[in-house]
Amino acid sequence: LNLPRFVQLMETFVGEDISLPTVKRLIAFIKEEYKQTEEEKMEQLEKVHHISRLAQRKLLLEALFEKWDDNASGFLDLEEVDAVLSTFKEGMEKEALRKAKKHLCSRYPQLSRVGKLSPKAFQTFLELVASEFTTNVDEAIDNLVEFLTTSVERSRMKCLQSLTRRKWLHNIQQAAETSGASMEPVYKAVFKALSQDAEAHGDNKKISAYIALLEENQLSPEWGQILLHYVACTTDDAPYVLNQILYKDMKGVSFAAVEEGKLVHIPRVQLHGNIHFWNYDRPVEERRGSLLVLPLHDARWRVFGILGLDTLRDQCEKTIFLTHEISFYQGVSQAFSKAYHHVCRLENILQMTVTALDWLYPRAPSIHTVTTYLVEPGKDKTCDYALRKVITTDNTGQKEIHSSPVLLLRKENLLRVYLFKCIDSSGVIRTSVCGEYHIAVPLRDLSGQALGIFDISIGHRQKLPPHEHKDLQKMLKMAQAACSEILKMSLEETEPTYVLEAEHVANLRHAGILFHQFMLQDLRECV
């Protein structure tokens, strides 16, 4: 039990109308009767220290990763890290390094193909290396971190540039986490990061940027099985680029980036001869500049689209993308990929929730309303998190999907403090607000923390009829199981993410089916 859960347990035990003297007697009783052996105390302290060590190690390794990844590309080259580590202790630990690398590639199969370490894979690699040493793992990691830190030197200017770029990349992820399952804020954050970097670190280049996702070609299969659908672009390019379709057999280099999984950089498009120009209004003599096409990879390094940038709107002579700019753009493409899949997970969870509520409403007519909220990070230091209202369902089954943001903040919603207690404790809360009874039930992530909440209003009755209560419990159990399954699919080591946008649509349907799948499984077990 953590502190919020302990407090909630005590509040549930004593009830709402308890007198202060009774509460004091209960506290005195617990203090007197609670006994803990020395062995239990030491075990608890060791557990706390272990959790603390893991948290400190994570922060240490994240800081090390960022120092090495000075252009904020989002990954490190495995061979480069391996080469530096092979000189650790003057090369005496090469065998331990070889074994650790073998274990790493078995855990992340794509590594042997792409050779890129994500922050998580980098941390895993160092932990595997340390575990192969004969010394204490914590001590070994400290030694490795110290060695790797001194192996790379960065100027103050480079550090400031990296810090600024990471802030812009963080804004992309934050846009996804506060989007309410919408991609629009993510697109805006991506293009803002690109334009800010071009202004600050790219000699004030004027750039055009666009995102295209792979889709199945159902309209014109004679043009190939897949196509690129341009779903977002910078404002000035929207009349020419937005919602355009690029087929595989058309002129262009984007499909080369898709098929090879590598970026394509054309320093001077006027000399290339195989460039597809969307803006036909631009005279041929003005079609000059650089083009960069970056493949968008999912967590298993499968390509699901492209991020393109060009400098055709910039009439300056020197508009070639430099190495540090390209590295940052790779970081942007990876940040977009994470944000895109985060939004897709939210969409899947909401689709599953709609299915669960559809199942519930004819079976529990005594429930007045069910309001579903998602937890979002706070936008400033005074607010740890906010609750976004996403779905409201009444007892007739009518649903309202809240597209415009309805955010609840703790300090502004004293009558709904029970919702925040539910999130804090990640436990069920029963309470009465203005004579109306509510049951707040968390929807938990894989670590047990609440990512969403069902606020169930049962009107003036204190309890649901037994059969309705049983069906409510069943719905909540299956919704949690389906939610966990959706989240498991997105783990980096095993993520079976879709490549085509059509698979995303199929995944939305699958998310709804998941609820019924778990319900059927539960029924079979009962029989």
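This report describes a buried strand and a buried acidic residue in a predicted model.

## Basis of the report

The model is predicted: local features need pLDDT of at least 70 and side-chain atom pairs count only at pLDDT 80 or more, whereas totals for chains, interfaces and linings use all residues. Residues are numbered from 1 along each chain as its sequence is written, and side-chain values use heavy atoms, with hydrogens and water left out.

## Strand 8 and its partners

Strands here are DSSP runs (E, at least two residues), numbered from the N terminus. Strand 8 covers residues 303–310, and eight of its eight residues are buried, so this strand is largely enclosed by the rest of the structure. Buried means under 20% relative accessible area (1.4 Å probe, protein chains only).

Two strands pair if DSSP finds at least two bridges between them. Strand 3 (residues 208–216) runs antiparallel to strand 8, and six bridges join them; here Tyr210 stands opposite Gly308. Strand 7 (residues 291–297) also pairs with strand 8 in the antiparallel sense, over seven bridges, and Leu296 has Gly305 as its bridge partner. Strands 7 and 8 form a hairpin with five residues between them, and Trp301 in the turn has a positive phi of about 60 degrees.

## Asp455 in strand 15

Asp455 lies in strand 15 (residues 450–457). This residue is buried yet has no salt bridge, and the nearest side chain of opposite charge, Arg416, is 5.2 Å away. A salt bridge requires a side-chain nitrogen of Lys or Arg within 4 Å of a carboxyl oxygen of Asp or Glu; in the count of charges, Lys and Arg are positive and Asp and Glu negative, while His and the chain ends are not counted.

Technical notes: Buried < 20%, exposed > 50% of the residue type's maximum accessible area, 1.4 Å probe, protein only. Helix = DSSP H or I, 4+ residues; strand = E, 2+ residues; numbered from the N terminus.
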